[in-house]
Amino acid sequence: MKTNLRKLFKTRALLPSMVVVLLVLALAAGGVLANPSQAPSSAAAMSILPAETCTYDGLSNTRTCEFWAVAGTVDLPGWAGMPIWGFTDTDPALGGVSQLPGPTIIANQGETVEVILHNNLAENTAMVFPGQEMMPDLNGVAPGGSATYSFAASHAGTYLYEAGLLPGAQYQVAMGLYGALIIRPAIISQAYGTASTFEDEAVLVLSEIDPDLNTSASPAAFDMRDYAPKFNLINGQAYPDTDEIISAAGNRVLLRFVNAGIEQHSMGMLGVDQQIIAVDGSPLAFPYRIVGATIGSGQTSDRMVLMPNPSPAGGAMFALYDTSLLLHNNGAAGFGGMLTFISISDGTPPVTGPTASSVALSIISPFRI
């Protein structure tokens with residue numbers, strides 16, 4: 001079936017609805033979608049986002065974050081110890097290790113944000129905060145040095161931070177130097193205003209890894225024109241290691257997508273619609289509903305999802321996935337890549353019904369496949 005699916009997905013004549021049907025059948029065949037209790041044991045619930053992070057000084061109305069840029073590793077399905085560069089908010093001398101993505105910065109609208117960067121890498125690096133009013137750092141921080149970046153958190157929204165605009169350093173973001181920045185309005189249960197009120201929220205930082213770059217003895221010598229990712233990640237992990245998003249029937253879930261990757265990704269859902277309410281931290285005057293929509297490289301997208309109420313007996317899981325259907329890890333068999341689930345429960349034991357197995361599909365079509 002896998003070979004036939006790949007052929008079908010490549011044809012331009014295949015209807016999008018048919019692709020969704022195939023994905024549903026495949027997920028059901030694996031026993032993943034039908035029963036929440038059968039979720040991968042390695043998956044955990046996404047952490048509830050705190051109201052704020054870093055250290056706040058009320059006298060100066062300043063929020064200060066202290067980061068270190070360090071080299072480290074991350075474990076991926078089928079590949080343990082993948083080298084990365086990343087940010088950490090703990091001094092490496094005290095046990096801090098690189099995080100993928102970097103720590104989420106959560107500030108309040110109207111505050112001044114200061115980010116102190118210590119460079120523990122062997123080359124110059126910098127930070128940039130797209131969407132914030134500040135001068136870019138074109139010089140960078142030398143190895144062993146530090147610098148402070150400051151900006152006014154004037155506009156609520158979801159933003160990206162990443163390695164800065166240094167000549168010849170375009171590979172540093174792809175190595176893992178990125179993270180999410182959230183600026184909250186006065187009411188933290190709103191993204192932008194009363195029309196964007198939510199009960200649950202999750203940050204989903206999208207990115208990729210090309211092992212040829214990350215394992216290179218000299219990433220600076222890697223030709224980014226040859227960049228060919230083998231792993232597609234949500235918050236630094238590929239399925240089945242991605243974390244679930246836990247919600248409840250009737251709740252409004254705010255999905256804060258941040259595309260820190262080099263490639264664009266179209267993120268879709270099965271069973272529920274997404275409503276795009278903002279792009280790049282700018283709320284839309286006329287939000288609109290989609291099944292899936294593309295998020296460009298460096299772009300952010302705020303989307304609201306309404307959970308069904310009442311929920312199906314025993315609860316349900318709604319797939320959130322890259323609609324390109326490149327759902328594999330380095331070409332390995334089985335599902336992988338940018339795939340996770342929003343889970344809801346009605347508080348009763350899950351009802352296990354019939355599951356599909358050995359699914360076969362025959363299509364008679366006038367189109368040439």
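A contact here means that heavy atoms lie within 4.5 Å. With that in mind, the tour begins with the whole of this predicted model and then proceeds to individual residues.

**The whole chain**

Display the entire protein as a cartoon. Its secondary structure consists of four helices and 20 strands. Among contacts with a separation of 6 or more, 72% involve residues 24 or more positions apart. A surface representation may be switched on next: the accessible surface is about 16600 Å², and carbon and sulfur atoms contribute 55% of that area. Of the 369 residues, 48% count as buried.

**First stop: the disulfide**

Select C54 and C65 and show their side chains. The two residues form a disulfide, with 2.0 Å between the sulfur atoms. A search of the whole structure finds one such bond. The pair links distant parts of the chain, with C54 in the loop between α2 (16–29) and β1 (55–57) and C65 in strand β2 (residues 62–76), 11 residues apart.

Which hand does this disulfide have? The torsion about the S-S bond is about 100°, so the disulfide of C54 and C65 is right-handed. The two partners can also be viewed for their exposure. C54 is partly exposed, at a relative accessible area of 35%, whereas C65 is buried, at 1%.

**Second stop: a sheet of six strands**

Return to the cartoon and colour the strands β11, β10, β13, β18, β15 and β16. In that order they make up an open sheet with mixed pairing. In general, the strands of a sheet pair through backbone hydrogen bonds, either parallel or antiparallel.

Which strands stand at the edges? They are β11 and β16 (282–290); each has a single partner strand, so one side of each is left without a neighbour in the sheet. Neighbouring strands of this sheet are turned by 25° against each other on average, direction ignored.

Now zoom in on β15 (residues 274–279) and β16. These two strands run antiparallel and are joined by five bridges. Select Q275 to see the residue that stands opposite R289 in β16. Then move to D280, in the loop between β15 and β16. The phi angle of D280 is near 55°, a positive value in a residue other than glycine. D280 is partly exposed, with a relative accessible area of 38%.

**Third stop: F231 and the loop after β11**

At the other edge of the sheet, select F231, which belongs to strand β11 (residues 231–234). Is F231 buried or exposed? Its relative accessible area is 1%, and the cut-off for a buried residue is under 20%, so F231 counts as buried.

To see what surrounds this residue, show the residues that F231 touches, leaving aside those up to four places away in sequence: L76, P77, W79, M82, S207, E208, I209, P211, N329 and N330. One of these, E208, is 23 residues from F231 in sequence, and their C-alpha atoms are 5.5 Å apart.

Next select N235, in the loop between β11 and β12 (245–246). N235 is not a glycine, yet its phi is positive, at about 55°. With 24% relative accessibility, N235 counts as partly exposed.

**Fourth stop: R256 within β13**

Go back to the sheet and select R256 in strand β13 (residues 252–259). R256 has a relative accessibility of 1% and counts as buried. Which side chains make polar contacts with that of R256? One is the side chain of T158, at 2.7 Å; another is the side chain of E201, at 3.0 Å.

Widen the selection to the neighbours of R256. Not counting residues up to four places away in sequence, R256 touches G157, T158, I182, R184, A191, F198, E201, A202, V203, L204, S301 and D302.

**Last stop: two cis peptide bonds**

Show the backbone atoms of L100 and P101. The peptide bond from L100 to P101 is cis, with omega near -5°, and P101 is in the loop between β3 (79–88) and β4 (105–108).

Finally, select N309 and P310. A cis peptide bond joins this pair too, with omega about 5°. P310 belongs to the loop between β18 (300–306) and β19 (316–322), and β18 is one of the strands of the sheet visited at the second stop.

Note on methods
Residues are numbered from 1 along each chain as its sequence is written. This is a predicted model: local features need pLDDT of at least 70, side-chain atom pairs count only at pLDDT 80 or more; totals for chains, interfaces and linings use all residues. Side-chain values use heavy atoms; hydrogens and water are left out. Buried means under 20% relative accessible area, exposed over 50%, partly exposed in between (1.4 Å probe, protein chains only). Accessible areas come from the Shrake-Rupley method with a 1.4 Å probe; for residues, only the protein chains shown count as cover. A disulfide is a pair of cysteine sulfur atoms within 2.5 Å. Two strands pair if DSSP finds at least two bridges between them. Axes are lines fitted to C-alpha atoms, for helices over the stretch in contact, and angles run from 0 to 180 degrees between N-to-C directions. A polar contact is a pair of N or O atoms within 3.5 Å; within protein, one must be able to donate a hydrogen and the other to accept it, and residues adjacent in sequence count only if both atoms are side-chain atoms.
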